[in-house]
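Please read the following report alongside the sequence and the three-dimensional view. It is written for a reader at the bench who wishes to follow the fold from its sheet outward to the ligand.

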Amino acid sequence: MRSLIKRCLPQAILEPYQMKKYGRFLWMKLQTDGLLGSDLYEAIHRTFLDNAIGDHDIVEVGGASGSASIAIAWALNERRCKSKLVVVEKFEGGTRAQFGGYNENYQRFQSFIKRYGVADRIILFADYLTMENSQQVVDLVSSDKIGGMMLDADGHIHRDFAIFWERLAPGAPIVIDDYHPDTSVKHELTYHLLNRFIDWQLVERRELIDDTFFGTKGSAESIAALDLEECERITKEVCERHNVL
Ligand SMILES: C[S@@+](CC[C@H](N)C(=O)[O-])C[C@H]1O[C@@H](n2cnc3c(N)ncnc32)[C@H](O)[C@@H]1O
């Protein structure tokens, strides 16, 4: 009887009930196949709700199926601000391959952000982020400053800092996943690069939950503090150690 009711009721009616029963972060994570724990989605949501600086657009690199995007966009909705979340996602290969190709992954993302009521909050750049196309992404930000960053793509966080850091508002929240010395190439790269960014005062550490780093924009005077040669040296060393190109 119960499963009959579940099958017959429209999703729009069932969804609020399930979110209440399981908790909205756990339910959303399970439905979207989010790669982080539900407690992390809750912490990300809290960060962009409580530590927000002004009404500025947020940038996320590595949106996957939209789980962290939804958590951040919920915070923007609850703040009743104007700002948007600019999400960059390539929608193919790696963790996306299990859900199909580019089109399937693109559709999944679109359907999830609609289902969780945040489609109007999100501006999507559906391609690889590279230094070459970075201006196209920066142009999608309509506020003069960026209100925060969520980085969870491929560990090449020096690219993300080089592109967005200068425009970040002072004290803006920065969340970076996979900060660990040896779990994977991505973790190792993130760990060594981020440690240098802390030394260079580009970012200040606030909290670490599991492998997810929560910080704020640091007090460095400009992005000139980012030593790209040193970042490339770290990248080469980590990749060579793991036989990755
Ligand atoms: C670990 S997943 C992100 C997980 C997501 N934060 C979540 O909560 O489920 C990393 C994502 O980054 C994307 N990605 C990796 N490198 C990228 C790049 N250079 N440009 C755009 N997206 C990229 C991958 O396609 C993948 O979906």
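The report below takes up the sheet, then the helices, then one loop residue and the ligand.

**The sheet**

In this predicted model, seven strands form an open sheet with mixed pairing, and their order across the sheet is E3-E2-E1-E4-E5-E7-E6. Strand E3 (122-125) and strand E6 (203-209) stand at the edges, and because each has a single partner strand, one side of each is left without a neighbour in the sheet. From one strand to the next, the twist averages 20°.

The pairings from E3 through to E5 are set out in the table, with an example of facing residues for each where one is named.

| Strand pair | Sense and number of bridges | Example of partners |
|---|---|---|
| E2 and E3 | parallel, four bridges | Val-88 and Phe-125 |
| E1 and E2 | parallel, four bridges | Glu-60 and Val-87 |
| E1 and E4 | parallel, five bridges | Val-59 and Met-149 |
| E4 and E5 | parallel, three bridges | Met-149 and Ile-174 |

Met-149 of E4 thus appears twice, as the bridge partner of Val-59 and as that of Ile-174 in E5.

Strand E1 deserves a closer look, since five of its five residues are buried and the strand is therefore largely enclosed by the rest of the structure. Both of its faces are covered, with Asp-57, Val-59 and Val-61 buried on one side and Ile-58 and Glu-60 buried on the other. The buried residues of E1 thus include the charged side chains of Asp-57 and Glu-60. Strand E5 is likewise covered on both faces, where Pro-173 and Val-175 are buried on one side and Ile-174 and Ile-176 on the other.

**Helices on the sheet and against each other**

Helix H4 lies across E1, strand E4 (146-151), strand E5 (173-176), E6 and strand E7 (212-217), and it runs at about 165° to E5. Helix H5 also packs on the sheet, where it touches E1, E2, E3 and E4, and its direction makes about 170° with that of E2.

H4 (residues 38-50) also meets helix H3 (residues 24-32), the two axes coming within 8 Å and crossing at roughly 115°, in a right-handed crossing. At this crossing, Phe-25, Leu-26, Met-28 and Lys-29 of H3 meet Ser-38, Tyr-41 and Glu-42 of H4. Sorted by class, the contact between H3 and H4 holds four nonpolar, one polar and two charged residues.

**Gly-63 and the ligand**

Which two elements does the loop that holds Gly-63 lie between? Gly-63 is placed in the loop between strand E1 (57-61) and helix H5 (67-79). This glycine counts as buried because 28 other C-beta atoms lie within 10 Å, where 20 or more are needed. Leaving aside residues up to four places away in sequence, Gly-63 touches Ser-69, Val-87, Val-88, Glu-89 and Phe-109. Of these contacts, Val-88 is 25 residues from Gly-63 in sequence, yet the two lie 6.2 Å apart in space, C-alpha to C-alpha. Val-88 is also the residue whose bridge partner in E3 is Phe-125.

Around the ligand there are 18 residues, of which Leu-35, Gly-62, Ala-64, Ala-153 and Asp-154 come nearest. By class, the shell around the ligand is made up of eight nonpolar, five polar and five charged residues.

Note on methods:
Residues numbered from 1 in each chain as written. Predicted model: local features only at pLDDT ≥ 70, side-chain atom pairs only at ≥ 80, totals over all residues. Near = placed C-beta within 6 Å. Buried ≥ 20, exposed ≤ 12 C-beta atoms within 10 Å, placed from the backbone. Contact = placed C-beta atoms within 7 Å. Axes fitted to C-alpha atoms, helices over the stretch in contact; angles between N-to-C directions. Left-handed = near helix turned anticlockwise from the far one by under 90°. Pairing = 2+ DSSP bridges.
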